[in-house]
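Visitor: I would like a close look at a single part of this structure, with its neighbours taken in turn. Please keep to what the model shows.

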Amino acid sequence: MQSTTLSFKEGASDKIYQANLEPRDGGWIVTFAYGRRGTTLNTGTKTPVPLPEEDARRIYDKLIQSKQAKGYCIGEEAAAYRTGNQRVTDIRPQLLNPVEGDALEELLLSNAF
């Protein structure tokens, strides 16, 4: 059996997500549990029937990756954001918006930043 606990903490939000890869009836299943820290967790399965281990592991890995893409960190004590040196900060990265060539010069000269 393999198990991963992820957590997400931001503002008043403090959530836990647990994913499990476990043997069942000659195959493997992927189960999960999620909810607010300290409450009863909701449970479910990503595989209603046992699958070959390779297929179930692929689903399990994809599940973990999708939660990390949403800001969850592996472990129960996740910080909202960590830099490369693992120092906790309040700085949030922001994606840039594309700018058309005509507007670029205007934006740079306007001191809008």
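Guide: Phe 32 has Gly 44, in β4, as its bridge partner. That pairing is a place to begin with strand β3, and the model it is read from is a predicted one.

β4 covers residues 42–45, runs antiparallel to β3 and is joined to it by four bridges. The two strands form a hairpin with five residues between them. In that turn, Gly 38 has a positive phi of about 90°.

On its other side in sequence, β3 (27–36) is preceded by β2 (13–24), with a loop between them that holds Asp 25. β2 and β3 also run antiparallel, joined by 10 bridges. One facing pair is Leu 21 with Val 30 of β3. This hairpin has two residues between its strands. The phi of Asp 25 is positive, near 50°, and the residue is not a glycine. Most residues other than glycine have a negative phi. Asp 25 counts as exposed because its relative accessibility is 72%, where the cut-off is over 50%.

The strand itself is another matter. Eight of the 10 residues of β3 are buried, so the rest of the structure largely encloses this strand.

Thr 31 lies in β3 and counts as buried because its relative accessibility is 16%, against a limit of under 20%. Leaving out residues up to four places away in sequence, Thr 31 touches Gln 18, Ala 19, Asn 20, Glu 22, Gly 44 and Thr 45. With Glu 22 there is a polar contact between the two side chains, at 3.0 Å.

Glu 22 also forms a salt bridge with Arg 24, where the closest N and O atoms are 3.6 Å apart. Side chains of opposite charge can pair when their charged atoms come close. The two partners are placed as follows: Glu 22 counts as buried, at 16% relative accessibility, and Arg 24 as partly exposed, at 39%.

The salt bridges in the whole structure number five. Among them are two within helix α1. Glu 53 pairs with Arg 57, the closest N and O atoms lying 3.4 Å apart. Both of these residues are in α1, four residues apart, or about one turn of the helix. Glu 53 is partly exposed, with a relative accessible area of 36%, and Arg 57 is partly exposed as well, at 30%. The side chains of Glu 54 and Arg 58 meet in a salt bridge at 3.9 Å, N to O. About one helical turn separates Glu 54 from Arg 58, because they are four residues apart in α1. Glu 54 counts as exposed, at 58% relative accessibility. Salt bridges with shared partners join Glu 54, Asp 55 and Arg 58 into one network.

Back to the strands, now for the nonpolar residues. The largest nonpolar core has 13 residues, of which Tyr 17, Ala 19, Leu 21, Val 30 and Tyr 60 touch the most other members. At least two residues of this core come from each of β1 (2–10), β2, β3 and α1 (53–69). The helix α1 gives the most, with four residues. In soluble globular proteins, nonpolar side chains tend to be buried together.

Ala 19 gives a view of these surroundings. Apart from residues up to four places away in sequence, Ala 19 touches Gln 2, Ser 3, Thr 4, Thr 31, Phe 32, Tyr 60, Leu 63 and Ile 64.

The aromatic rings bring the account back to its starting residue. The count of aromatic pairs is five. One of them is Phe 8 with Tyr 72, which is tilted because the planes stand at 40°, with ring centres 5.6 Å apart. This pair links distant parts of the chain, 64 residues apart: Phe 8 is in strand β1, and Tyr 72 is in the loop between α1 and β5 (73–74). Phe 8 and Tyr 72 are buried. The rings of Tyr 17 and Phe 32 have centres 6.0 Å apart and planes at 10°, so this pair is stacked. Tyr 17 is in β2 and Phe 32 in β3, 15 residues apart, and both are buried. Ring pairs join Phe 8, Tyr 17, Phe 32, Tyr 34 and Tyr 72 into a cluster.

Phe 32 therefore has two roles to note in this account: a bridge partner in β4, Gly 44, and a stacked ring pair with Tyr 17.

Conventions. Residues numbered from 1 in each chain as written. Predicted model: local features only at pLDDT ≥ 70, side-chain atom pairs only at ≥ 80, totals over all residues. Heavy atoms only, no water. Buried < 20%, exposed > 50% of the residue type's maximum accessible area, 1.4 Å probe, protein only. Pairing = 2+ DSSP bridges. Core = buried A, V, L, I, M, F, W, Y, C linked by side-chain atoms within 4.5 Å. Contact = heavy atoms within 4.5 Å. Polar contact = N/O pair within 3.5 Å; in protein donor to acceptor, adjacent residues only side chain to side chain. Salt bridge = Lys/Arg side-chain N within 4 Å of Asp/Glu carboxyl O. Phe/Tyr/Trp six-rings, centres within 6.5 Å; stacked < 30°, edge-to-face > 60°.
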